[in-house]
Amino acid sequence: METMTGLLKWLESTPLALSIAQSTIAFPAIEIVHVIAITLVFGTIAIVDLRLLGLGSKNRAVTELCRDVLPWTWAAFGIAAISGALLFISQATQYAENPAFRMKMLLMLAAGINMAVFELITFRGVAKWDRDVPVVPAGRLAGAVSLVCWLGVVGFARWVGFTVGVPEQ
Amino acid sequence: MSAFAQWISDTSLSLAIRETFWLIPMIQIVHIVAIVMIVTAAVMITARIAGLASRTQTMREIAQRFLPWLWTGLVILAPTGIVLIIAEPQRTLGNPTFWWKMAMLALAVAITASFQVSLRRDAAAWEDHGPKAGPRRIFAVSSVLLWLGIVATGRLIAYTY
């Protein structure tokens with residue numbers, strides 16, 4: 001674990017991290033981008049999840065909806081990840097130690113595993129439940145797990161904001 | 001405004017909310033989920049207007065799909081926002097950033113309502129991708145920019161009070 005502490009301290013001491021921590025504008029600006037991105041990640045993935053649960057966009061084929069919406073999800077996730085990394089390095093030690101931050105990372109990992117299982121296994125049989133019929137139970141479960149995970153990410157993210165705060169100027 | 005904010009702050013309701021340590025974060029999270037509904041709905045509708053997404057769906061279908069989420073989001077936003085104001089009046093009512101947020105919110109709601117009326121009157125016009133589509137696209141993009149501005153000022157409240 002000492003190498004981890006060393007790594008975190010090194011990250012915090014990089015010129016990039018220091019410039020973010022010490023600027024009055026940089027942290028809030030990056031945070032705003034991060035918040036907007038995560039808003040769109042959750043919102044767009046919810047569109048797909050609700051379709052899997054049979055609660056929304058029922059007139060659209062699952063495959064067509066995924067093709068239409070998921071590129072936005074990925075684009076938003078990319079922006080969220082980059083802005084998140086920039087925020088992280090500015091207070092790396094504090095974030096890494098924070099229980100809410102760890103839960104946020106854990107839930108994202110869970111969401112990722114859920115997505116992988118869905119894409120690689122469940123989705124193979126999609127032709128049978130693409131339109132007009134209820135989605136198979138495995139697909140519905142994936143939708144539910146995804147919603148719970150991302151709602152949790154949003155909740156813990158807000159808690160991180162409360163408990164870690166912004167860099168001291 | 002300062003005296004009014006102080007008066008609210010002194011009420012037992014305001015104190016009670018502040019003293020329950022998890023209440024403000026919990027209400028903020030609900031407030032955030034509402035904003036997720038609103039921003040996503042606005043982005044999806046605007047994307048359709050700009051021809052960037054959901055091209056297999058008609059304008060009317062997309063509006064019917066997403067506008068209810070937008071209005072539901074606003075219905076949740078209002079009471080949660082009011083509770084947050086009651087809990088911390090100086091941070092909100094006494095903060096210029098908050099009033100910028102309210103001004104943008106009023107404008108965004110007006111734009112959304114006028115879009116809905118216009119769509120009901122002439123859905124076909126919104127499907128038009130010809131040279132006259134420009135103003136409608138600007139209109140749609142402005143509404144998304146306003147919602148993003150609302151998110152930004154919302155976050156900035158914490159930095160400016």
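Select B:Ser54, in the loop between helix 3 (23-49) and helix 4 (59-87) of chain B. Look at its backbone: phi is near 55°, a positive value in a residue other than glycine. Keep in mind that this is a predicted model. Is B:Ser54 buried or exposed? It has 22 C-beta neighbours inside 10 Å, so it counts as buried; the cut-off for that is 20 or more.

**Elsewhere in chain B**

Go next to B:Asp10. It sits in helix 1 (residues 2-10) of chain B. Count the C-beta neighbours inside 10 Å and you get 10, so B:Asp10 counts as exposed. Now add B:Ala87 to the selection. The two residues are 77 positions apart along the chain, yet their C-alpha atoms are separated by 9.9 Å.

Show chain B whole. How many helices and strands does it have? There are eight helices and zero strands. Follow the sequence from start to end and the pattern reads α-α-α-α-α-α-α-α. Along the principal axes, the C-alpha atoms of chain B fill a box of roughly 55 × 25 × 25 Å. Chain B has 161 residues, and 35% of them are buried. Take the contacts in chain B with a separation of 6 or more: residues 24 or more positions apart account for 83% of them.

**Over to chain A**

Switch the display to chain A. Here you find seven helices and zero strands. The pattern along the sequence is α-α-α-α-α-α-α. The C-alpha trace of chain A spans about 55 × 35 × 25 Å along its principal axes. Of the 169 residues in chain A, 36% are buried. Among contacts between residues at least 6 apart in the sequence of chain A, 78% join residues at least 24 apart.

Now pick A:Asp132. This residue lies in the loop between helix 6 (99-120) and helix 7 of chain A. Its phi is near 70°, again a positive value in a residue other than glycine. A:Asp132 has 8 C-beta neighbours inside 10 Å, so it counts as exposed.

**A helix pair in chain A**

Select helix 3 (residues 26-52) and helix 7 (residues 137-164) of chain A. They pack at an angle of about 160°, with their axes 8 Å apart. Which way do they run relative to each other, roughly parallel or roughly antiparallel? Angles over 145 degrees count as roughly antiparallel, and helix 3 and helix 7 of chain A are therefore roughly antiparallel to each other. Their crossing is left-handed.

Show the side chains where the two helices of chain A meet. From helix 3, the residues include A:Ile38, A:Phe42 and A:Ile45. A:Asp49 and A:Leu52 are also among them. On the helix 7 side, look for A:Arg140, A:Trp150 and A:Val154, among others. Colour the residues of this contact by type: they divide into ten nonpolar, three polar and two charged.

**Where the chains touch**

Finish with both chains on screen. How many residues does each chain bring to the contact? Chain A gives 18 residues and chain B gives 21. On chain A, select helix 3, helix 4 (62-90) and helix 7: each supplies at least two residues of the side that touches chain B. Helix 3 of chain A has the largest share of that side, with ten residues. By type, the residues on the side of chain A that touches chain B divide into nine nonpolar, five polar and four charged.

Key: Residues numbered from 1 in each chain as written. Chains lettered and ligands numbered in written order. Predicted model: local features only at pLDDT ≥ 70, side-chain atom pairs only at ≥ 80, totals over all residues. Axes fitted to C-alpha atoms, helices over the stretch in contact; angles between N-to-C directions. Helix = DSSP H or I, 4+ residues; strand = E, 2+ residues; numbered from the N terminus. Parallel < 35°, antiparallel > 145°, perpendicular 65-115°, else oblique. Left-handed = near helix turned anticlockwise from the far one by under 90°. Contact = placed C-beta atoms within 7 Å. Nonpolar A, V, L, I, M, F, W, Y, C, P; charged D, E, K, R; others polar. Buried ≥ 20, exposed ≤ 12 C-beta atoms within 10 Å, placed from the backbone.
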